[in-house]
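Please open the structure in your viewer and keep the selection tool at hand, since each stop below begins with something to select.

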4 protein chains.
Amino acid sequence: MIVILSNKITEERIAEIVHHIERHEVTAHVSKGVDRTVVGIIGKASPALAEQLRQLSGVEQVVKISKSYKLASRDFHPDNTVIRIGDVSIGGDELVIMGGPCAVESPEQIDEIARLVKASGAQVLRGGAFKPRTGPYSFQGVGVEGLVMMAEAGKKHGLLTITEVMTPEYVDVCAEYADILQVGTRNMQNFDLLRKLGTIQTPVLLKRGFSSTYDEFLNAAEYILAGGNPNVMLCERGIRTFEPYTRNTLDLAAIPALQTLSHLPVISDPSHGTGRRELVEPMCKASVAAGANGLIVEMHTDPDNSMTGDGVQSLFPDQFAKLMLDLEQLAPLCGKRFDTKKEAVLAR
Amino acid sequence: MIVILSNKITEERIAEIVHHIERHEVTAHVSKGVDRTVVGIIGKASPALAEQLRQLSGVEQVVKISKSYKLASRDFHPDNTVIRIGDVSIGGDELVIMGGPCAVESPEQIDEIARLVKASGAQVLRGGAFKPRTGPYSFQGVGVEGLVMMAEAGKKHGLLTITEVMTPEYVDVCAEYADILQVGTRNMQNFDLLRKLGTIQTPVLLKRGFSSTYDEFLNAAEYILAGGNPNVMLCERGIRTFEPYTRNTLDLAAIPALQTLSHLPVISDPSHGTGRRELVEPMCKASVAAGANGLIVEMHTDPDNSMTGDGVQSLFPDQFAKLMLDLEQLAPLCGKRFDTKKEAVLAR
Amino acid sequence: MIVILSNKITEERIAEIVHHIERHEVTAHVSKGVDRTVVGIIGKASPALAEQLRQLSGVEQVVKISKSYKLASRDFHPDNTVIRIGDVSIGGDELVIMGGPCAVESPEQIDEIARLVKASGAQVLRGGAFKPRTGPYSFQGVGVEGLVMMAEAGKKHGLLTITEVMTPEYVDVCAEYADILQVGTRNMQNFDLLRKLGTIQTPVLLKRGFSSTYDEFLNAAEYILAGGNPNVMLCERGIRTFEPYTRNTLDLAAIPALQTLSHLPVISDPSHGTGRRELVEPMCKASVAAGANGLIVEMHTDPDNSMTGDGVQSLFPDQFAKLMLDLEQLAPLCGKRFDTKKEAVLAR
Amino acid sequence: MIVILSNKITEERIAEIVHHIERHEVTAHVSKGVDRTVVGIIGKASPALAEQLRQLSGVEQVVKISKSYKLASRDFHPDNTVIRIGDVSIGGDELVIMGGPCAVESPEQIDEIARLVKASGAQVLRGGAFKPRTGPYSFQGVGVEGLVMMAEAGKKHGLLTITEVMTPEYVDVCAEYADILQVGTRNMQNFDLLRKLGTIQTPVLLKRGFSSTYDEFLNAAEYILAGGNPNVMLCERGIRTFEPYTRNTLDLAAIPALQTLSHLPVISDPSHGTGRRELVEPMCKASVAAGANGLIVEMHTDPDNSMTGDGVQSLFPDQFAKLMLDLEQLAPLCGKRFDTKKEAVLAR
């Protein structure tokens with residue numbers, strides 16, 4: 001950690017600041033430059049110390065050299081984390097596709113979509129039973145019943161399942177029914193929820209807050225990891241910018257950047273990331289080319305009548321199937337494998 | 001609601017869309033222009049209908065004319081909401097100042113700060129017992145004990161108290177000890193928390209999400225109002241922008257804008273809104289000049305050693321006292337009254 | 001165009017607004033809904049009319065249905081614009097790569113880089129002779145001399161050349177030496193420069209302003225097209241967001257979005273879009289997968305000593321060559337062709 | 001300047017970096033910490049050196065301690081710059097109000113508005129003769145003729161004048177007719193224009209780029225100052241954010257922040273900063289409370305028919321006059337004086 005002092009500081013104040021630092025069992029090393037005096041801190045400085053120094057009068061800037069997260073950092077864990085769930089491995093060389101509707105609506109709907117997701121070659125069924133909605137009068141999801149419907153559809157068609165959990169008290173029931181729990185963008189810093197997810201072992205897909213930096217995102221992951229659950233995947237789902245044409249701005253550079261900073265798998269969500277059906281397919285391909293470990297994609301058999309209004313970003317089943325075939329070709333050029341098993345299916 | 005159709009739509013598709021609309025017990029009125037066909041909807045269209053229409057193929061744009069929130073809207077409730085707590089009225093012509101430390105640290109700390117807050121003329125004591133922190137290794141607050149310490153300090157010095165609540169399960173205990181409950185910026189869309197706050201009558205100060213629009217902000221307030229708690233105040237606390245110099249960008253136009261859109265009181269938080277002590281005083285004055293109903297301001301007796309690192313944005317007690325005197329003069333020019341009772345105090 | 005009136009408007013004011021509209025040789029069609037009155041405008045409304053209506057008291061919102069740009073719009077020109085320069089076609093099925101240093105520094109530097117760009121299979125040599133710099137004390141480019149050096153290097157190695165032009169008075173000399181003129185992000189709305197570029201036929205690569213919407217971007221292109229120069233390509237180069245890790249946020253969804261809205265070729269600039277060497281290669285691949293017509297990529301033989309400080313985002317020559325081979329494989333999966341001529345070269 | 005090296009750097013590479021630094025006639029001081037090695041640079045490091053170091057492999061971060069601007073910095077020039085034009089002083093204790101239409105439309109229009117501006121007590125007449133417009137088909141201003149009209153109106157009514165200049169070639173003619181030249185937000189980094197303005201002595205009002213940081217803003221001012229023109233005022237006019245309700249987000253913290261970083265006067269533009277008439281008055285007051293040295297405010301006698309569409313943000317003359325009276329009362333509480341001369345006028 002480096003502390004830059006203001007340009008008119010007195011010797012006396014420098015001595016006080018050094019004294020303040022050395023109470024924290026680290027060594028302060030003062031260097032006086034032409035314009036500024038700088039204090040280098042030698043030893044393991046706590047994040048709290050950085051925060052305190054920043055508020056001392058006479059301190060102009062504090063530069064952290066070590067990161068505030070540790071378990072999420074690649075410095076700490078150089079090899080990729082590979083999360084194995086049944087036959088599926090997330091974070092290695094397998095490209096993992098999670099497809100399905102925004103919300104579970106009925107047993108028939110989720111069963112039919114599950115059938116199509118499976119037939120297209122994807123490995124995971126997505127679907128929301130609890131839906132976070134901007135306004136209180138919008139459809140809020142079918143609740144626990146939806147978990148049951150989705151679990152049945154997943155089992156029947158041989159798919160893993162992923163669903164969103166919004167509050168600590170529902171973590172256990174969601175974990176009972178689903179293979180992966182998703183934390184939505186609005187809950188990325190719902191710290192009680194993160195702490196609760198740290199107490200279980202069910203894999204968690206943590207979505208980036210729509211205005212969160214990579215650093216905040218990895219600190220949020222750190223909450224889960226620090227609690228004892230190592231099975232975390234990061235999901236880039238678009239950030240809020242000034243551009244009104246797309247629902248969000250999908251930040252694909254986050255994929256290789258997060259893979260550099262962290263060992264955790266990175267999934268991309270082009271459906272929420274763009275909010276427009278016609279942009280989903282090119283952004284899925286771009287995500288894979290950027291190195292994503294997987295995709296989460298909305299697909300609906302009747303998007304015109306989806307209950308959440310997210311149908312506008314849902315692919316039709318034939319678009320989804322066509323995309324899977326394209327990704328099968330693209331994956332090997334990006335160091336991944338993805339097998340739609342089309343030939344096996346056709347051969348049968 | 002107005003639905004703008006794409007420019008190459010067929011007659012058949014127009015008919016289908018009209019049919020879709022009319023299933024919702026409203027009337028569709030089609031007008032064909034040179035470039036585009038437009039459908040006006042006559043009758044009370046539900047927000048769900050807007051969402052569904054947006055996803056129909058052939059629909060280019062849906063323009064909502066009515067707002068998605070209702071109880072929070074000034075259209076619905078033309079007079080200002082005035083929240084009365086003891087002697088204090090928030091939302092009328094009284095300027096209400098909430099001062100205190102970022103976090104409650106000890107009984108002595110909060111007692112001494114309460115004494116200074118009161119002596120300066122402010123009406124409410126702020127202080128966090130539960131602290132939301134970006135990383136899991138930072139100080140997380142002293143918890144329920146802090147609630148007790150703050151309640152005692154408030155009672156002793158004749159101040160109301162406000163504290164942050166982070167999770168539904170702590171709402172009841174916080175409401176037992178504090179006069180006003182604060183929802184932090186990261187929890188503005190923690191819908192379960194909002195719903196729980198709707199079930200009580202304790203006044204709630206709802207902070208704007210750091211990347212939330214006015215519309216989303218008022219929809220979040222609507223969750224609380226719709227639950228049955230009418231005592232909501234809105235708090236502008238700065239939004240996230242590209243500017244690195246300040247911690248956030250305090251959006252003061254939000255004050256008159258929210259007062260136009262809504263009848264709820266609007267409070268400003270220049271401490272978090274700027275993150276720099278030297279900007280707090282001018283931004284407090286600017287907030288009052290912009291029409292704020294109140295301010296929430298961090299003050300600390302020993303900001304160099306505050307436990308959260310937010311000392312950098314805390315005023316010293318003498319700065320706080322001086323600010324109160326300045327606001328006493330400024331308030332009447334802005335249609336408000338604020339009385340530090342200095343003369344009475346001096347006369348004693 | 002649709003005009004939404006405020007909810008308490010009088011009949012008299014409605015009549016005045018209709019009168020105002022009809023002075024512009026269009027027809028106003030009033031419909032009264034439950035909450036609001038809406039006026040539809042039938043006929044060709046000028047952009048000026050929209051602007052005027054927005055400012056009338058009693059008008060709450062004006063919804064433009066037609067776009068404010070025309071020549072840049074795909075509605076107006078359904079087929080892709082393909083710009084042919086010598087052997088190279090930009091905007092069709094050829095993937096076009098523009099490589100080279102941020103700034104031309106010396107004849108030897110640009111000659112050596114041109115040799116490497118050509119050997120790697122790219123078609124265009126990039127290099128700045130005039131450099132826009134944030135501060136006045138930074139290196140500002142070598143000027144006209146640099147144009148000469150680059151033109152010679154391009155001719156010698158059989159490459160087209162692209163260079164930035166910053167001011168109307170230099171357009172002619174830049175066009176004399178370079179095959180393509182680039183308008184930088186800070187000049188996207190330098191309207192005098194755009195107008196001057198409309199008077200020539202040299203192809204222009206227009207970079208998106210770092211905080212410009214697609215709509216503003218296409219309106220800027222419209223200035224050049226309206227002046228009579230149809231040879232415009234759009235370049236996504238990253239937008240400014242709150243994320244500090246990357247220099248900009250490369251908005252890859254802009255590629256398919258702009259190709260939907262417009263017929264102009266779209267080029268991606270991952271070097272400025274990320275500002276970090278290690279992210280350039282994945283973002284180049286992702287850009288091609290998203291459908292880019294070409295890439296502009298910084299490459300330097302000695303990035304440690306580049307004169308602009310942009311070396312940090314420049315590829316080393318071997319990285320650039322490797323990338324070209326990867327793109328050769330990727331292009332056909334994305335409907336493009338790109339031939340490094342490696343086999344021909346190796347066969348020689 | 002401080003250079004933070006990456007955590008796996010070799011001794012050899014450290015030596016190379018030190019060698020690189022010392023070629024620039026400064027001294028490098030290496031300190032090895034637990035996690036990282038850090039190099040402090042003693043002596044006057046050029047901005048170019050910072051740029052070069054940032055791109056060296058093995059360098060993780062470069063922290064500039066000195067600012068890249070100098071003449072604009074308060075470190076360099078501790079006293080406020082006060083610009084005197086005729087009777088008016090900008091930057092001292094006088095509050096300076098610039099009022100008038102977005103665009104000059106006709107001699108009658110500007111004469112009538114000038115009369116009202118003067119009668120209300122403001123000191124400067126604003127009006128655009130050249131207008132930067134997003135699209136090429138919008139009204140582009142009346143040109144040089146407008147300069148003449150405005151100069152005449154200013155002279156007749158005893159007002160200074162301010163007008164926008166968009167391109168270097170028009171600087172001289174604009175300076176012939178107007179007392180203050182304005183650089184618009186889109187031209188803040190039009191470096192040729194800034195350089196040209198550095199060659200004259202006419203005061204310049206430099207508007208902040210709509211997505212520019214304070215640092216970039218002050219570097220833009222530095223271009224003018226470095227050219228030899230010390231008469232620069234800074235203008236906060238709102239930045240682009242995600243909020244759609246207001247045209248821009250007026251960043252009032254910029255006022256005290258820029259006054260801390262720089263000695264130049266700071267003017268606020270609530271008309272463009274909000275884009276909504278009803279927000280202009282509270283934001284004018286808030287700007288003065290935040291410490292602004294002046295305001296630039298749009299006023300129009302017939303905003304419904306303004307030619308630019310900015311009428312929506314223009315005050316009516318009576319609103320403007322009322323605002324001046326309010327500011328007369330507010331100014332003394334904010335350390336400024338502003339005299340509408342109403343009593344003298346009424347006494348006559």
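The tour goes from one strand to its neighbours, and then to the interfaces between chains.

Bear in mind throughout that this is a predicted model.

**Stop 1: a covered strand**

Begin by selecting residues 294–298 of chain A, which form strand S14, and note that 5 of its 5 residues are buried. If you display the side chains, you will find that A:Gly294, A:Ile296 and A:Glu298 point one way from S14(A), while A:Leu295 and A:Val297 point the other way. Buried here is a matter of relative accessible area, with the cut-off set at under 20%.

**Stop 2: the neighbours of that strand**

Keep S14(A) selected and add residues 96–100 of chain A, strand S7, which pairs with S14(A) in the parallel sense over 5 bridges. Next add strand S13 of chain A, residues 266–268, whose pairing with S14(A) is likewise parallel and runs over 2 bridges. Which residue of S14(A) is the bridge partner of A:Ile97? That partner is A:Leu295, and A:Leu295 is also the bridge partner of A:Ser268, so that a selection of these residues leads from S7(A) through S14(A) to S13(A).

**Stop 3: chains A and B as two copies**

Now widen the view to chains A and B, and superpose them: chain A can be laid on chain B with an RMSD of 0.0 Å by a turn of 180 degrees, with a shift of 0.0 Å along the axis. The two copies are therefore related as by a two-fold rotation axis. To find the axis from within chain A, select A:Ser211, whose C-alpha is the nearest to the axis in that chain, at 3.2 Å. Both copies use the same surface, in that 100% of the contact residues of chain A recur in chain B.

**Stop 4: the interface of chains A and B**

Select the residues in contact across this pair, 50 from chain A and 50 from chain B. Between them the two chains bury about 4100 Å², of which 44% lies on carbon and sulfur atoms. Within chain A, highlight A:Gln55, A:Tyr137 and A:Asp304, which supply 17% of the area that chain A buries against chain B, more than any other three residues.

For the polar side of this interface, look for the 2 salt bridges that the rule finds between chain A and chain B. A salt bridge joins the side chains of A:Glu216 and B:Arg240, with an N to O distance of 2.6 Å. Polar contacts in this interface amount to 17 residue pairs, with both residues at pLDDT 80 or more. Then colour helices H1 (11–22), H2 (47–54), H6 (191–197) and H7 (214–227) of chain A, the elements that give two or more residues to the side touching chain B. The largest share of that side, 6 residues, comes from H7(A).

**Stop 5: the interface of chains C and D**

Finally, move to chains C and D, where 50 residues of chain C are in contact with 50 residues of chain D. This pair buries about 4100 Å² between its chains, 44% of it on carbon and sulfur atoms. In chain C, the residues that lose the most area to chain D are C:Gln55, C:Tyr137 and C:Asp304, together 17% of what that side buries. The count of salt bridges between chain C and chain D is 2, and as a last selection you may take D:Arg240 with C:Glu216, whose side chains meet in a salt bridge at 2.6 Å, N to O.

Key:
Residues are numbered from 1 along each chain as its sequence is written. Chains are lettered from A and ligands numbered from 1 in the order in which they are written. This is a predicted model: local features need pLDDT of at least 70, side-chain atom pairs count only at pLDDT 80 or more; totals for chains, interfaces and linings use all residues. Side-chain values use heavy atoms; hydrogens and water are left out. Buried means under 20% relative accessible area, exposed over 50%, partly exposed in between (1.4 Å probe, protein chains only). Helices (H or I, at least four residues) and strands (E, at least two) are DSSP runs, numbered from the N terminus. Two strands pair if DSSP finds at least two bridges between them. Copies are superposed by least squares on the C-alpha atoms of residues with pLDDT of at least 70 in both. Contact means heavy atoms within 4.5 Å. Buried area is the accessible area (1.4 Å probe) that two parts lose on being put together, summed over both. A salt bridge is a side-chain nitrogen of Lys or Arg within 4 Å of a carboxyl oxygen of Asp or Glu. A polar contact is a pair of N or O atoms within 3.5 Å; within protein, one must be able to donate a hydrogen and the other to accept it, and residues adjacent in sequence count only if both atoms are side-chain atoms.
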